[in-house]
Amino acid sequence: MKLIACCSFKGGAGKTTALMGLCSSLAFNQKKVALFDADENRPLTKWKENALRNDAWDPQCEVFVADELPLLEDVYEQAEVSGFDYALADTHGGASELNGTIIASSDFLLVPTMLTPLDIDEALATYRYIIELLLAEGLQTHTAILRQRVPTGRLTVSQQAAYDVLDVLPLFDTSMYERDAFAAIKERGMLHMTVANMARNPAMRLMFRNNQRALDELAVIGAFVEKALEG
């Protein structure tokens with residue numbers, strides 16, 4: 001089982017959205033995914049409840065509460081024994097023993113950011129913390145920044161400057177664009193399940209196409225992670 005962690009010191013950076021987007025991509029490819037809810041606010045647990053109400057939760061995926069170190073150790077063992085292919089950890093903000101353990105144990109670290117000075121400052125602080133921790137522990141782990149809520153049209157001057165700053169760091173091949181499909185995951189449910197539900201409803205044809213485009217973009221993100229973990 002491969003452990004992937006989504007890390008950010010800043011709340012609202014899009015950690016859970018990024019993680020659930022990646023989860024949809026992996027589950028769509030028939031992978032079993034364990035979701036470790038390591039944020040004390042337990043967003044994954046709440047998002048699953050919303051998804052179940054909309055018949056948009058994939059039974060190949062399961063949420064495990066892991067917001068304390070003993071819980072993390074227990075659920076990791078449970079997930080591995082249960083045959084999950086991937087575990088995705090949604091960390092809480094800031095530095096802690098729990099976050100340090102997750103980072104040091106991960107096979108891939110994802111750092112989300114939006115194109116604002118504050119978000120980029122926090123992403124860089126998170127990235128620096130990760131690198132310092134890995135160096136101190138003598139570890140090498142795939143780490144990449146995922147740009148989120150990137151406009152589908154032309155970038156403003158400040159957004160382009162932010163884009164260029166990030167371009168010198170390890171990045172995902174693609175971004176998560178500013179699409180309703182991504183913003184609505186929290187309420188609607190897992191994107192690949194939402195797309196499947198829309199495909200069965202002729203009245204949802206336009207929304208289906210937009211959501212399918214978003215799912216295709218997630219496929220590129222998922223393929224990027226899987227390829228990195230194969231190496």
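## A tour of a predicted fold

In this predicted model, the buried residues of helix α6 are covered by elements that include β5 (108-113), α5 (117-137) and β6 (142-150). Which residues of α6 are the buried ones? Helix α6 runs over residues 157-166, and its buried residues are Gln159, Ala162 and Leu166. They span an arc of only 60° around the axis, so they sit on the same side of α6.

### Stepping back

Let's look at the whole chain before meeting more residues. The protein's secondary structure adds up to ten helices and seven strands. Its C-alpha atoms fill a box of roughly 55 × 50 × 35 Å, taken along the principal axes. How does the radius of gyration fit with a compact globule? For 231 residues, a compact globule would come out near 17 Å, and the protein has 17 Å, so the two agree.

Of those 231 residues, 52% count as buried. Now take the contacts between residues at least 6 apart in sequence: 79% of them join residues at least 24 apart. On the outside, the protein exposes about 10900 Å², and carbon and sulfur atoms supply 51% of that. As for charge, there are 21 positive and 32 negative side chains, and the centres of the two sets lie 10 Å apart.

### Helices α9 and α10

Helix α9 covers residues 191-199, and its buried residues are Leu191, His192, Met193, Thr194, Val195 and Met198. What do they pack against? The partners are α1 (15-28), α7 (180-183), α8 (185-188) and α10.

You can see part of that packing from the other side by picking out asparagine 211, which sits in helix α10 (residues 205-230). Asparagine 211 has a relative accessibility of 3%, so it counts as buried. Setting aside residues up to four places away in sequence, asparagine 211 touches Leu191, Thr194, Val195 and Met198, along with Ala181 and Arg188. Leu191, Thr194, Val195 and Met198 are also among the buried residues of α9.

### A tryptophan in α2

Next stop: tryptophan 47, in helix α2 (residues 43-53). Is tryptophan 47 buried or exposed? Its relative accessible area is 9%, and the cut-off for buried is under 20%, so tryptophan 47 is buried. Apart from neighbours within four places in sequence, tryptophan 47 is in contact with Thr16, Thr17, Met20, Ile185 and Lys186. Leucine 133 is another story: it is 86 residues from tryptophan 47 along the chain, and their C-alpha atoms are separated by 30 Å.

### Around strand β2

Phenylalanine 36 belongs to strand β2. With 0% relative accessibility, phenylalanine 36 counts as buried. Leaving out residues up to four places away in sequence, its contacts include Leu3, Leu44, Phe64, Leu72, Val75 and Tyr76. Others that phenylalanine 36 touches include Ala66, Ala79, Ala87, Leu88, Ala89 and Asp90. Phenylalanine 36 and valine 63 are 27 residues apart in sequence, but 6.0 Å apart in space, C-alpha to C-alpha.

Aspartate 67 lies in the loop between β3 (61-65) and α3 (69-81). At 18% relative accessibility, aspartate 67 counts as buried, because the cut-off is under 20%. Beyond its neighbours within four places in sequence, aspartate 67 is in contact with Asp37, Ala38, Asp39, Glu40, Arg42 and Leu98. Arginine 147 is 80 residues from aspartate 67 along the chain, with 26 Å between their C-alpha atoms.

### Two arginines with positive phi

One of the contacts of aspartate 67 is Arg42, and arginine 42 has something to show in its backbone. Its phi is near 50°, a positive value in a residue other than glycine. Arginine 42 lies in the loop between β2 (33-37) and α2. Arginine 149 has a positive phi of about 50° too, although it is not a glycine. Where is arginine 149 placed? You'll find it in strand β6.

Here is how five of the residues on this tour compare in accessibility:

| Residue | Relative accessibility | Class |
|---|---|---|
| Phenylalanine 36 | 0% | buried |
| Asparagine 211 | 3% | buried |
| Tryptophan 47 | 9% | buried |
| Arginine 42 | 35% | partly exposed |
| Arginine 149 | 52% | exposed |

Why does arginine 149 count as exposed? Its relative accessible area is 52%, and exposed means over 50%. Arginine 42, at 35%, is partly exposed, because that class covers values between the buried and exposed cut-offs.

Note on methods: Residues are numbered from 1 along each chain as its sequence is written. This is a predicted model: local features need pLDDT of at least 70, side-chain atom pairs count only at pLDDT 80 or more; totals for chains, interfaces and linings use all residues. Side-chain values use heavy atoms; hydrogens and water are left out. Helices (H or I, at least four residues) and strands (E, at least two) are DSSP runs, numbered from the N terminus. Buried means under 20% relative accessible area, exposed over 50%, partly exposed in between (1.4 Å probe, protein chains only). Contact means heavy atoms within 4.5 Å. The radius of gyration is taken over C-alpha atoms; the globule rule is 2.2 Å times the number of residues to the power 0.38. Accessible areas come from the Shrake-Rupley method with a 1.4 Å probe; for residues, only the protein chains shown count as cover. Lys and Arg count as positive and Asp and Glu as negative; His and the chain ends are not counted. The place of a charge is taken as NZ of Lys, CZ of Arg, CG of Asp or CD of Glu. The arc is that of the directions from the helix axis to the C-beta atoms.
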